[in-house]
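Q: Please take a close look at the sheet in this structure and at what lies beside it, going step by step for someone who has not seen the model before.

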Amino acid sequence: EGRIVFDNVFFHYEPQRPILKGVSFEAPPGKTIAIVGPSGAGKSTISRLMFRFYEPQGGRITIDGQNILDVTQESLRAAIGMVPQDTVLFNDSIGYNIRYGRWDASDEEVREAARLAQIDRFIESVPGAYGAQVGERGLKLSGGEKQRVAIARTILKAPPILILDEATSALDSLTEHEIQEALRRVAKGRTTLVIAHRLSTIVEADEILFLDHGQIVERGTHNALLALG
Ligand code: ADP
Ligand code: ADP
């Protein structure tokens, strides 16, 4: 469960500027596939297509054999968890932020997710507006702590598919290392697409795809690609 197939996907935002030019890959259930490439290569477009924010003009995207155009956006949001580069928090408690999207979760489940993501000490606290300012109740979360909230939310939601879109690239390297540990735990057993502009951040991927100007120009394991130089 959770097999993603991109079959010869073509996409453009504007007709005169192709963004994806025949992208094909397969993410088997439970495996981690990394999509690496320079800024502007089309990496985030792939995750936007997964959520049906846009529709491809050619080819098809399937999840477990079903064309995602036949799936509601609501069910896609339920099936796919996303940890973005910067997590925007609601101006409500961290517990509320973790529960977001799974309102039926018990307090105990929320607490356990927070504990696994190591953000439980803040569960009752309220971040400032959008987590950026010092809030009335005085909490300012760091970038790493905000990512932990997003990770706890994903642990609670437990989707079969996970997209990590530059999930650690805004963090300093020490924090990045810690967050990657937490992400590895969430990714375990889920089909995971890791989007990154650097190879160094994605050692754990089963397969790495290099995207450049909308095409996969190289693919292989981490070691094989390092050997290529
Ligand atoms: P990456 O994630 O690899 O940096 P993106 O998929 O975000 O690349 O973007 C690929 C290209 O598409 C970029 O040149 C970007 O400016 C362009 N782009 C992204 N979104 C839009 C949009 N909504 N309208 C027009 N161009 C866009
Ligand atoms: P990133 O992938 O770098 O985290 P985004 O996915 O938000 O950032 O956007 C990637 C690129 O696409 C940026 O250059 C951004 O300006 C451009 N972009 C994103 N959305 C739009 C849009 N709706 N219209 C035009 N350009 C966009």
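A: In this predicted model, Ile4 has Ile63, a residue of β4, as its bridge partner. That pairing belongs to the link between strand β1, residues 4-14, and strand β4, residues 58-63, which run antiparallel and are joined by five bridges. In general, the strands of a sheet pair through backbone hydrogen bonds, in either a parallel or an antiparallel manner.

Seen as a whole, the sheet is open and consists of four strands in the order β2-β1-β4-β5, with antiparallel pairing. Because β2 (17-27) and β5 (66-67) stand at the edges and each has a single partner strand, one side of each is left without a neighbour in the sheet. Across β1, β2 and β4 lies helix α1, made of residues 43-50, and this helix runs at about 110° to β1.

Helix α1 also leads to the largest pocket, since α1, α2 (73-79), β6 (80-83) and α5 (143-157) are the elements that give two or more residues to its lining. The space in this largest pocket comes to about 770 Å³, and of the 27 residues that line the pocket, the closest to its centre are Arg77, Met82, Tyr100, Arg153 and Lys157. Among the contributing elements, α5 gives the most to the lining, with four residues. By character, the lining residues divide into 14 nonpolar, six polar and seven charged.

Technical notes: Residues are numbered from 1 along each chain as its sequence is written. Chains are lettered from A and ligands numbered from 1 in the order in which they are written. This is a predicted model: local features need pLDDT of at least 70, side-chain atom pairs count only at pLDDT 80 or more; totals for chains, interfaces and linings use all residues. Side-chain values use heavy atoms; hydrogens and water are left out. Two strands pair if DSSP finds at least two bridges between them. Contact means heavy atoms within 4.5 Å. Axes are lines fitted to C-alpha atoms, for helices over the stretch in contact, and angles run from 0 to 180 degrees between N-to-C directions. On a 1 Å grid over the protein atoms alone, a cavity is a set of points where a 1.4 Å probe fits but cannot get out, and a pocket is an open set with protein on both sides within 12 Å along at least five of seven lines; lining residues have an atom within 4 Å of a point. Grid points are joined across faces, edges and corners, and a volume is the space filled by probe spheres set on the points. Ala, Val, Leu, Ile, Met, Phe, Trp, Tyr, Cys and Pro count as nonpolar, Asp, Glu, Lys and Arg as charged, and the others, Gly among them, as polar.
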